[in-house]
Amino acid sequence: MLSIPCPECGPRDEIEFHYGGQAHIAYPEDPHALDDRGWAEYLFYRDNPKGLFAERWQHAAGCRKWFNALRNTWTYEFTATYRVGEPRPDIPAEELPSAATSPSSPTGGTL
Amino acid sequence: MADLLPEHPDFLWRNPEPKKSYDVIIVGGGGHGLATAYYLASKHGITNVAILERGWLAGGNMARNTTIIRSNYLWDESAAIYEHSLKLWEGLPEELEYDFLFSQRGVMNLAHTLQDVRESKRRVNANVLNGVDAEWLDPQQVKEVCPIINIGDDIRYPVMGATYQPRAGIAKHDHVAWAFARKCDEMGVDIIQNCEVTGFIKDGNRVTGVETSRGRINAGKVGLAVAGHSSVLADLAGFKLPIQSHPLQALVSELFEPVHPTVVMSNHVHVYVSQAHKGELVMGAGIDSYNGYGQRGAFHVVEEQLAAAVELFPIFARAHLLRTWGGIVDTTFDASPIVSDTPINELYVNCGWGTGGFKGTPASGYTFAHTIATGEAHPLNAPFALDRFETGHLIDEHGAAAVAH
């Protein structure tokens, strides 16, 4: 089980949280200007990186607040969590855990 | 029952060095990639084909699924492709000359609420209209099909009935892969393991080959069948997919005498259970919530499905968990697959089978081979095109597909 550092409450067990998918998806500024492709991208296309990912979580069984996190989708390690409205932290590459950059397969696992 | 298993095979395929060039390269040596190459060779006469596999043959989701095969999907498009798949399954042991223990022991999808009952009956009617065998069972009939199930009203969500598809079943997944691999190899397909695709070679907007960990290989056409890593490969090729990769866990118990004669799935308390030929109880449930490529998930997900299983099958309470594991599944927002051309010419993609890909293996390969060979979608996979997310013609199987897919 993941230990998730809620920005309000500190580290809590994963079962207290609800996942919200990719962070920083803004409602289209001018919805009427969007064509079908634009709508498809807004509604259905989300990043799906193997590596660092900015995503939303809600501390559903705690403070009930939504917040954002930078997490590695390969190691599952949280690099940072931050409040809604705060910018995505700019983590210099050298401060990332070594496995946090996009890994290549020979280091472990298979498809 | 263990003595019914075929002996572990010796070498069923060559391990050739990659050639400089192929007519078609299939990326991904799992079930779907193997089935695609098989139908390219057997149905379309295209045998100058390589399957490139990053790890070892069928070592990903093909080795990790719970082997359930069924076609009782709600929507017409899904019923058509999954029923075609089931019909192919019925002929494949003979066609591939390999008894991979396809056992049509039926599947029951339990209903635990009035809403479940209504949805289930609707799905039974939809299935019958689509030529899919389906019936509604009341609780007593459920008990007759599967005597170990608790149909009492002393549990939180009593069994109020079930849909039943007698032709559904299970198969031995690794043997399925070996059966396809042997036939592919016999027809001249090169199965190349330990060969990771690291990039795509393009001439303008047309793919002309791949860069791999074993050098550059040219290709007339390239098909992607890499499940959980589809987004990673699409990124390398320069286009996006509406896919989210998630961990999905499964587990087995120690070996038992045959006690569970069918496959039982419950959407509401969320577990699915069958008993493998060797005797272990095989269970699975839903994905871990977050995006992940780690092939592992959290134990509370396992705990919840075991709680559900023990409530439905009280005799499982004393069973020991032998092993749990995880795979990476490629989910779409309408819980339906993508078998399609892509924005890159001569590059095709087969992904999005999510948590239900094993049952689709034959039809996935059949339609993907047709799409690659002819450049046009087969009528069965035309609705499963990538552009449905733009046109809005989604095939929304969320909740409709008999279990949370």
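This tour moves from the interface of two chains to the helix packing inside chain B, and then to a salt bridge in chain A. The model you have open is predicted.

**Stop 1: the interface**

Begin by selecting chain A and chain B together, and colour the residues of each that touch the other chain: 37 residues come from chain B and 27 residues from chain A. Between them the two chains bury about 2900 Å², with 54% of that area on carbon and sulfur atoms. Across this interface there are 15 residue pairs in polar contact, counting pairs in which both residues are at pLDDT 80 or more.

Now keep the chain B side alone. The elements that each give two or more residues to this side are helix 6 (230–237), strand 12 (244–255), helix 7 (299–312) and helix 9 (388–391) of chain B, and the largest share, three residues, comes from strand 12 of chain B. If you colour the chain B side by residue class, you should find 15 nonpolar, 14 polar and eight charged residues.

Two salt bridges are counted between chain B and chain A. To see a salt bridge between the chains, show the side chains of B:Lys240 and A:Asp47, which meet at 3.4 Å, N to O.

**Stop 2: helix 2 and helix 8 of chain B**

Next select residues 76–95 and residues 357–374 of chain B, which are helix 2 and helix 8; their axes lie 8 Å apart and the helices pack at an angle of about 95 degrees, so the two helices are roughly perpendicular to each other. On helix 2 of chain B, show the contact residues, among them B:Ile81, B:Tyr82, B:Leu88 and B:Trp89, and on helix 8 of chain B show their counterparts, including B:Phe358, B:Pro362, B:Ala363 and B:Tyr366. The residues of this contact divide into nine nonpolar, five polar and one charged.

**Stop 3: helix 1 and helix 2 of chain B**

Keep helix 2 of chain B in view and add helix 1 (residues 31–44) of chain B, whose axis comes within 15 Å of that of helix 2 and crosses it at roughly 75 degrees. These two helices are therefore also roughly perpendicular to each other. Here B:Tyr38, B:Tyr39 and B:Lys43 of helix 1 make the contact with B:Leu88, B:Leu92 and B:Glu95 of helix 2, a group that holds four nonpolar, no polar and two charged residues.

**Stop 4: a salt bridge in chain A**

Finally, of the 17 salt bridges found over all chains, select the one between the side chains of A:Arg37 and A:Glu41, at 2.9 Å, N to O. These residues are separated by about one helical turn, because they stand four residues apart in helix 1 (residues 36–43) of chain A.

Notes. Residues numbered from 1 in each chain as written. Chains lettered and ligands numbered in written order. Predicted model: local features only at pLDDT ≥ 70, side-chain atom pairs only at ≥ 80, totals over all residues. Heavy atoms only, no water. Contact = heavy atoms within 4.5 Å. Buried area = accessible area lost by both parts, 1.4 Å probe. Salt bridge = Lys/Arg side-chain N within 4 Å of Asp/Glu carboxyl O. Polar contact = N/O pair within 3.5 Å; in protein donor to acceptor, adjacent residues only side chain to side chain. Nonpolar A, V, L, I, M, F, W, Y, C, P; charged D, E, K, R; others polar. Axes fitted to C-alpha atoms, helices over the stretch in contact; angles between N-to-C directions. Parallel < 35°, antiparallel > 145°, perpendicular 65-115°, else oblique.
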